[in-house]
Amino acid sequence: MQLLIIKNYKELSKAACIILTKELKKNPSSNIAFATGKTPKGLYKELIKANKKHLINFSKIKAFSLDEYYPIKKSDKQSYYYYLHSNLFSHINVNPSNIHLLNSEAKSPKKECKNYENLLKRNPINIMILGVGVNSHIAFNEPGSNLNSKTRLIKLSRRTIKSNFKNKKNHPAKALTIGIKNILAAKKVLLLASGKEKEKAINNLIKNKPNKKFPVTFLKKHKNLTLILDKEAAKLL
Ligand code: GLP
């Protein structure tokens, strides 16, 4: 595990951008899985800037998602489809036909998960950008998720709903997520964590053996994991 503790969120975002730029130089046709949430927004801004300056080229990448609320309209501002397009894809030179996100409008979630699982088998992920939930979830692998879990429909935990939707009344109760097995299959994992609210999850990862209660701990089994933390997220270490 490579551990980078960076002074603040802005610098963390820049550091992650430098790592991705290097990886894409090595392999311009990388398959990349993109996280959502507050944490990677700074990184995505940096990637957009770097792309505009021609320092990074996305024309050959294939883009994948980690998770998505279900069911939800793609046009709903809460959907991860909307998030990834508005925060990143619409501003970079990714080929739209190379964007493969979990489909929040699929009629059958079971079929959608099976298709996505097959898609990931045909397109192994080179770089996975991950965040972590306050309850130590990764993607939407909530506490209780198995090491061998695959892409599936899950019920969101109360803690996740509280953290992601604050006091909003109309929110989805379920989500599609890739499994722990899919995450560990990625060639390189970059986990970003920022702020005090993540200090416990990061402490769990560093100090516990891999276990279902804190799914983030399964990342310890990964051979090429880089943790990029700001000082606040690293406070308990
Ligand atoms: C969300 C997403 C995760 C994300 C995590 C952290 O619920 N499902 O993919 O990494 O929780 O989100 P945030 O960065 O907003 O704290």
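This passage describes the ligand site, the unusual backbone geometry and several individual residues of a predicted model.

The model is predicted, so local features need pLDDT of at least 70 and side-chain atom pairs count only at pLDDT 80 or more, while totals for chains, interfaces and linings use all residues. Residues are numbered from 1 along each chain as its sequence is written, and side-chain values use heavy atoms, with hydrogens and water left out.

The ligand comes first. It is surrounded by 13 residues, where a residue is near a molecule if one of its heavy atoms lies within 4 Å of it. The closest are Lys38, Thr39, Asp67, Asn164 and Lys198. By class, this shell holds 4 nonpolar, 6 polar and 3 charged residues. Here Ala, Val, Leu, Ile, Met, Phe, Trp, Tyr, Cys and Pro count as nonpolar; Asp, Glu, Lys and Arg count as charged; the others, Gly among them, count as polar.

Some atom pairs show how the ligand is held in place within the model's coordinates. Lys38 places a backbone N or O atom 2.8 Å from an oxygen atom of the ligand. His137 uses its side chain, with a polar atom 3.0 Å from an oxygen atom of the ligand. At Ala139, a polar backbone atom is 3.4 Å from a nitrogen atom of the ligand. Taken alone, the ligand exposes 400 Å², and the protein buries 94% of that. Accessible areas come from the Shrake-Rupley method with a 1.4 Å probe; for residues, only the protein chains shown count as cover.

The space taken by the ligand is the largest pocket. A pocket is found on a 1 Å grid over the protein atoms alone, as an open set of points where a 1.4 Å probe fits, with protein on both sides within 12 Å along at least five of seven lines. A molecule sits in a pocket if more than half of its atoms lie within 2 Å of its grid points.

The backbone comes next. Most residues other than glycine have a negative phi, and most peptide bonds are trans. Tyr70 and Pro71 are joined by a cis peptide bond, with omega about -15 degrees. Pro71 lies in the loop between strand 4 (67-70) and helix 3 (80-87). Helices (H or I, at least four residues) and strands (E, at least two) are DSSP runs, numbered from the N terminus.

His54 is not a glycine, yet its phi is positive, at about 60 degrees. His54 sits in the loop between helix 2 (41-52) and strand 3 (62-65). His54 counts as exposed because its relative accessibility is 72%. Buried means under 20% relative accessible area, exposed means over 50%, and partly exposed lies in between (1.4 Å probe, protein chains only). Ser136 also has a positive phi, near 75 degrees. Ser136 is found in the loop between strand 6 (127-130) and strand 7 (152-155). With a relative accessibility of 1%, Ser136 counts as buried.

Leu147 belongs to the loop between strand 6 and strand 7. Its relative accessibility is 30%, so Leu147 counts as partly exposed. Leu147 and Gly179 are 32 residues apart in sequence, and their C-alpha atoms are 8.1 Å apart in space. Gly179 also pairs with Asn182: the backbone nitrogen of Gly179 lies 2.7 Å from a polar side-chain atom of Asn182. Asn182 is in helix 6 (residues 180-184). Asn182 is buried, because its relative accessible area is 11%.

Ser194 lies in the loop between strand 9 (188-193) and helix 7 (199-207). A relative accessible area of 16% makes Ser194 buried. The side chains of Ser194 and Asp230 are joined by a polar contact of 2.7 Å. Such a contact is a pair of N or O atoms within 3.5 Å; within protein, one must be able to donate a hydrogen and the other to accept it, and residues adjacent in sequence count only if both atoms are side-chain atoms. Lys188 is in strand 9. Lys188 is buried, with a relative accessible area of 10%. Lys188 and Lys166 are 22 residues apart along the chain, and their C-alpha atoms are separated by 32 Å.

Two helical residues complete the account. Leu119 is in helix 4 (residues 109-122). Its relative accessible area is 12%, so Leu119 is buried. Leu119 and Ser97 are 22 residues apart in sequence and 14 Å apart in space, C-alpha to C-alpha. Tyr82 is found in helix 3. Tyr82 counts as partly exposed, at 31% relative accessibility. The C-alpha atoms of Tyr82 and Leu12 are separated by 24 Å, with their positions 70 residues apart along the chain.

Notes. On a 1 Å grid over the protein atoms alone, a cavity is a set of points where a 1.4 Å probe fits but cannot get out, and a pocket is an open set with protein on both sides within 12 Å along at least five of seven lines; lining residues have an atom within 4 Å of a point.
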